[in-house]
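Please work through the following exercises with the sequence and the 3D structure open beside the text. Each task sentence is followed by a solution that goes step by step.

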Amino acid sequence: MAKSRYHIPLPLYKKILRVMPNLAVDAVVVHKGKFLLLRRAIPPRMGQWWIPGGRVLKGESPEESARNKIYEETGIPIRLERLLGVHSIYERRWGIRIQTCTFVYLARPRNSPRVITNFNNKEWKWFTSIDQAWHPYVKKFIRLARHRSL
């Protein structure tokens, strides 16, 4: 899949992040007792297994954005089941302190999933268990999704 037509050049993105929070969405996609993670190919979190998602674009609701981002990153049309939570984090990136607020959803594929990743990710995998080496954010929302998808 190609780069988004809404790509923000890094110098401009840094200016925005100095004064405004980054609004994002992620979705824990579950199918037949497994959950989908993507191994990031680019920063942030390069090389880590992560929940699919991305930035909310102007004019999108968080729900629209989640459906769009998951499709862009995986090629899977999804059905959102529920909001698992909203996560806010401060971190240093590119030498600046930024805040990201993420709406995290539980989602299921609309049909039999065939994963096609974009440039953001180098691989994908359906997992059945949590690896303790994963980032605490990933573990937290997978646990919530597994608990609430019963």
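The exercises begin with the whole chain and then turn to one helix, to the loops and to single residues in strands.

The model is predicted, and local features need pLDDT of at least 70, side-chain atom pairs count only at pLDDT 80 or more, while totals for chains, interfaces and linings use all residues. Residues are numbered from 1 along each chain as its sequence is written, and side-chain values use heavy atoms, with hydrogens and water left out.

**Exercise 1. The whole chain**

Task: State how many helices and strands the protein has, and describe its overall dimensions and burial.

Solution: Begin with the elements, where helices (H or I, at least four residues) and strands (E, at least two) are DSSP runs numbered from the N terminus. The protein has three helices and seven strands, and from the N terminus on they follow the order α-β-β-β-β-α-β-β-β-α.

Next, take the dimensions: along the principal axes, the C-alpha atoms fill a box of roughly 45 × 30 × 25 Å. The radius of gyration is taken over C-alpha atoms, and the globule rule is 2.2 Å times the number of residues to the power 0.38. For 150 residues a compact globule would have a radius of gyration near 15 Å, and the 15 Å of the protein agrees with this.

Then consider burial, where buried means under 20% relative accessible area, exposed over 50%, and partly exposed in between (1.4 Å probe, protein chains only). By this rule 41% of the 150 residues count as buried.

Finally, look at contacts, meaning heavy atoms within 4.5 Å. Among contacts between residues at least 6 apart in sequence, 71% join residues at least 24 apart.

**Exercise 2. Helix H2**

Task: Find which residues of H2 are buried, and explain where they lie around the helix axis.

Solution: First establish the helix itself: H2 (residues 62–74) has 13 residues and reaches 18 Å from its first C-alpha to its last, close to the 18 Å expected at 1.5 Å a residue; the expected span is 1.5 Å times one less than the number of residues.

The buried residues of H2 are Ser65, Ala66, Lys69, Ile70, Glu73 and Thr74. They cover an arc of only 125° around the axis, which puts them on the same side of H2; the arc is that of the directions from the helix axis to the C-beta atoms. In general, an α-helix has 3.6 residues a turn, so residues three or four places apart point the same way.

Now ask what covers these residues: the cover includes strands S1 (22–31), S2 (34–40), S4 (53–55), S5 (78–93), S6 (96–109) and S7 (121–127). Just after H2, glycine 75 takes a positive phi of about 80°.

**Exercise 3. Backbone angles in two loops**

Task: Locate the cis peptide bond at proline 44, and decide whether lysine 32 is buried or exposed.

Solution: Keep the general expectation in mind, namely that most residues other than glycine have a negative phi, and most peptide bonds are trans.

In the loop between S1 and S2 lies lysine 32, which has a positive phi of about 50° although it is not a glycine. Lysine 32 is exposed, with a relative accessible area of 75%.

In the loop between S2 and S3 (49–50) lies proline 44, and the peptide bond from proline 43 to proline 44 is cis, with omega near -5°. The loop between S2 and S3 also holds arginine 45, which is not a glycine but has a positive phi of about 65°. At 23% relative accessibility, arginine 45 counts as partly exposed.

**Exercise 4. Two glutamates in strands**

Task: Determine which side chains make polar contacts with those of glutamate 123 and glutamate 91.

Solution: A polar contact is a pair of N or O atoms within 3.5 Å; within protein, one must be able to donate a hydrogen and the other to accept it, and residues adjacent in sequence count only if both atoms are side-chain atoms.

Glutamate 123 is in strand S7 and is partly exposed, at 33% relative accessible area. Its side chain makes a polar contact of 2.8 Å with the side chain of arginine 39. Not counting residues up to four places away in sequence, glutamate 123 touches Leu37, Leu38, Arg39 and Trp49.

Glutamate 91 lies in strand S5 and counts as buried at 16% relative accessibility. The side chains of glutamate 91 and arginine 93 are joined by a polar contact of 2.8 Å. Leaving aside neighbours within four places in sequence, glutamate 91 is in contact with Arg45, Ile96, Arg97 and Ile98.
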